[in-house]
Amino acid sequence: MNIQELRKLSLREQRTTFCPGCGFETFINCFLRAVDDLGRRMDDYTFTEGIGCSAWISNNYFKADNFHTAHGRAIPAAIGLKAANPQLDVITIGGDGDLASIGGNHLIHAVRKNTPIAVFCLNNFIYGMTGGQVGPTTPLESITSTTVGGNTEKPFDLVKLVLGVGGEHASRYPTAYPHLLVKGIKRALVADGFRFMEVVSQCPRQYGTRNQASAAASMLAQQKAVYLSREKARNTDRGEFGDRSVFGDFDNLKEYLDLLPTEE
Amino acid sequence: MPRRISINHDLCRGCNLCLEMCPKQVFQESSEIGAAGFRLKQVALPDECTACGLCELYCAGAISLEPLPPEEFADIMAQEERRTSTGQRRGGWKEVDSLLEPGRYFMAGNEAVVEAALAAGCEFFAGYPITPANEILEGMSRRMGETGGRFIQAEDEIASVYMILGASWAGLKAFTATSGPGFALMQEGLSLADMAEIPCVIVNVQRAGPSTGQATRPAAMDMREARYGSHGGVQRIVLYPDSVQEVFDMTIEAFNLAERFRTPVILLSDGYLSHLAEKVAVSGCVKVFDRIYVPGRPAFGPTSDSSVPSMPRFGDGENVVATGSTHDVSGKRSTTNPTVQENLVFYLNRKILEHREELVDCEELFLDDAETAVVAFGTVGRSAKWAVKEARKLGRRVGLLRPRIVYPFPSQRIKELCRTVNQFVVPEMSQGQMVHVVSEKVARDVVSLPQPNGQIIDPRRILKYLVEGVW
C-alpha cells in the first residue's frame, strides 16, 4: 500500500489540522510505513498523548485505542496501561514542551523504571499550539513569543538527557531523512524495555517565521546541515563541529558523547 | 517507465515540499490557482520518477504513488469495515468470596483500606509516600505481591493518579492513597477522570494544613476540596467513615460506586482514623460491582436517560478515544461547539445526581424531636455521638446527623429536619468548611464549631457547647 492508502486505512480523517509544511505529517507517514513494514496494524498499538500539536497525531487521527491525558502526563498513563495489561503494546507520542518540560520528571523516571513502552518526542523546538512560546529545547538566541530578544536559556539535548539517566534505547531522527526515520521507528517499535526517540521536526509557522525560515524546505535544509549521521560526525573535524549534532540509535551515553566535541 | 503518480488537490496544503524535496524535480507548479489560494501542483515528469517515496513521506496525504489496483484496495477497506469488537459483554453485580477468612479482625484504618480494596477486586495501586497514608502504600506493596496485583511506587502524586487512570482503561480496578499536599497535586488528574468518565478510587487521609501543616495530626480540612478542588467542578461522590469497620465497608462501597457511575470516588479518612485500631467484622462473601461493557455501544455520555455508558477496555478492539477535552459520545473531540460542551457538563452532574436518593447514607440519632441537630462528618461524628447522648441524658432536645456519603450532600434529608430543628451545629476539625454547605441548604440558624488545631475534637467540648452554649 502507498502512503495515501495507508492513511485511508489507518487514519480517522484524511485531512489533518496541521499547518502546511509541518513535520508531523512526515512523522505520521513514516509511522504508518513502519507499522506496515512490520506487518502490523495501527490498532495493534495503544497510544497515550499529552497536550499540544503532537498529541493530536494519535488522538485525532490514529485508528487505535488512545488515551488523551493532560499536558505532560502521557507517560505515567502509558506506564499504568502497560503495567495493568502487559499484552498491550503501548506508545506515547508527545512534544518537547509536553514530555521534557511539564512532563520532564515523568520522562526521567520512566527511564529508571524501564517500563517497556515506546516514547516518541516530536521536537519542534517551540510551543506550537499555544502561540510559539520558548520551550525546553529552543536553541539559544532563537526568537519566540516569550523571548523576543532571543532565548538565553540553554536547551536540553533530549538524547543526552535520556542516556544520562540510564536509558538504553535512545534515538534521534530528523524529518529531513524520512527513510531513515522509518527504519528508526521500526527499531523503536520492536526493541525491548523503555525506548525513546526524539523526532527532530520542523514548525514553519511558529518557529520558522520568527527565525528566518518560514519555508518547510529551508528548515529541512537546516536540519541536514545540523544533524550528522554517526559516520559524518566521526569524520568531521572537532574544531569545525560547531553547534552541530548527531542522529541515529544510541544505547549508552559514552558512545553518544564521543561523537560530539568535548564541551569547554 | 512512467510511474503512476497523482495528486488529490483537496488534500494538498500547498507546502511545496514535493517541489523542493523530489531529487528528480518530478513535480511542478501549474498556472492554475486552487480554492485554497495557492498554485496547484502537477506531476510534470513522471518518467523521471524513481519511486523513491520521499514525496509521499513529506506530503499531507495528497500524493498517491503507485497505488494498488482499485479492486484490491477496496477489498482491504471492506475487510476493515467488517472488523468488530473482540470483547464480550460483561459487568454488573456479583458476589465473590472474601480474601480474608471470615471473622473478626483487629486492624488500623489504613490496614482496613488495603484489605477492603482487595476484597472489592482492586488489582492495581500506584502511590507516593506521604504521612499519614504510608501504611496504605506499604500495605498495597506487600499485598499486591501476594495476590498477583500490580503495585507501582510513582515518582509523585501526579504520576500516581495518571497511572491509575491508565490502569483503569486497561480494565483493572485501581486506586491511590494520599494526604493534603498530594491530594492537591492529584486534582488535575481527577478532573480528567471526571471528564473522561474513568472509574477510580482516591483515599485522602486528611492531615492538618494548609500546606505541610502538621503531617501526623488529623484534620478535616479537605472537605470542600474533595468536591470542588478540580477545575470544572462537576459532581463528585465523596465518602467519610467514622470507624475502622466503616473504613472497611465503605472502601468496598467506594469501588462499587466508582464502577457503577464511572467516576472518581473520594474516600476521606484522617490522621486519627488511619492509625486507630479497632475490631472489624469480615463476612465470607463480598458484593462487588464491575463496570458494564456492551460491545459496540458508545463509550461516553451524554446518554439520553443520563445512564452510565458502556466502558470497553483498551484491547477490546473498540478503538476507544478517551480524552479530557470536550467530546461527543464516540470520544471525538468537539472543542468549540457550545451545545456539546453544555450537554456534557450537565450530563456529568446528572448521571450522579439523578441517583441521589440512593446515595443518601446517614447515621441519625434522636432526630424525631430534636431542636438542635449536630451535623458531623467522619471522625468528628464519634465525638458528636457521645456528646449528643450525654446531652439527651440532661434533657436537651438534640440529635445527630452524620452523612457517611458527604457528597452528593443529603440536601433533602437536612431540609426535612427543619420541621423540628431550629439550630444546626457543625463541629469540624477545620476552620469551618461544611458549615457553609449546611448553611446553603437550610433557612435556620447554623453554628460553626471550628477546631483547626490538629487534634480530634474532645467530646466534652461539644457537650459543653450543647449544654452551655460555649465553644
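## Report on chains A and B

The centres of domain 1 of chain B and domain 2 of chain B, taken over C-alpha atoms, lie 54 Å apart. The model described here is a predicted one. For chain B, the domain assignment places domain 1 at residues 5-82, domain 2 at 90-292 and domain 3 at 362-468.

**The interface between the chains**

Chain A contributes 48 residues that are in contact with 55 residues of chain B. On the chain A side, the elements giving two or more residues are the helices α1 (3-10), α2 (23-37), α4 (74-84), α6 (104-113) and α10 (216-226), together with the strands β1 (45-49) and β2 (65-68). The largest share of this side comes from α4(A), with 8 residues. Sorted by class, the side of chain A that touches chain B holds 20 nonpolar, 19 polar and 9 charged residues.

**A sheet with strands from both chains**

An open sheet of 8 strands with mixed pairing runs in the order β9(A)-β5(A)-β6(A)-β4(A)-β3(A)-β1(A)-β2(A)-β16(B). Its edge strands are β9 (248-250) of chain A and β16 of chain B, each of which pairs on one side only. On average, neighbouring strands of this sheet are turned by 15° against each other, direction ignored.

Two of the strand pairs in question are set out below.

| Strand pair | Sense | Bridges | Opposed residues |
|---|---|---|---|
| β2(A) and β16(B) | parallel | 3 bridges | His68(A) and Thr323(B) |
| β3(A) and β4(A) | parallel | 5 bridges | Gly94(A) and Cys121(A) |

The pair that links the chains joins β2(A) to strand β16 of chain B, which spans residues 321-323. Within chain A, strand β3 covers residues 89-95 and strand β4 covers residues 118-123.

**The packing of two helices in chain A**

Two packed helices are described by the angle between their axes and the distance between the axes. For α1(A) and α2(A), the angle is about 85° and the axes are 10 Å apart. The two helices are therefore roughly perpendicular to each other, as angles of 65 to 115 degrees count as such. From α1(A), the contact involves Ile3(A), Leu6(A), Arg7(A) and Ser10(A), while α2(A) supplies Asn29(A), Leu32(A), Arg33(A) and Asp36(A). By class, the contact of α1(A) with α2(A) comprises 3 nonpolar, 2 polar and 3 charged residues. Both α1(A) and α2(A) are also among the elements that give two or more residues to the side of chain A that touches chain B.

Methods. Residues are numbered from 1 along each chain as its sequence is written. Chains are lettered from A and ligands numbered from 1 in the order in which they are written. This is a predicted model: local features need pLDDT of at least 70, side-chain atom pairs count only at pLDDT 80 or more; totals for chains, interfaces and linings use all residues. Domain bounds come from an automatic or database domain assignment. Two residues are in contact if their C-beta atoms, placed from the backbone, lie within 7 Å. Helices (H or I, at least four residues) and strands (E, at least two) are DSSP runs, numbered from the N terminus. Ala, Val, Leu, Ile, Met, Phe, Trp, Tyr, Cys and Pro count as nonpolar, Asp, Glu, Lys and Arg as charged, and the others, Gly among them, as polar. Two strands pair if DSSP finds at least two bridges between them. Axes are lines fitted to C-alpha atoms, for helices over the stretch in contact, and angles run from 0 to 180 degrees between N-to-C directions. Angles under 35 degrees count as roughly parallel, over 145 as roughly antiparallel, 65 to 115 as roughly perpendicular and the rest as oblique.
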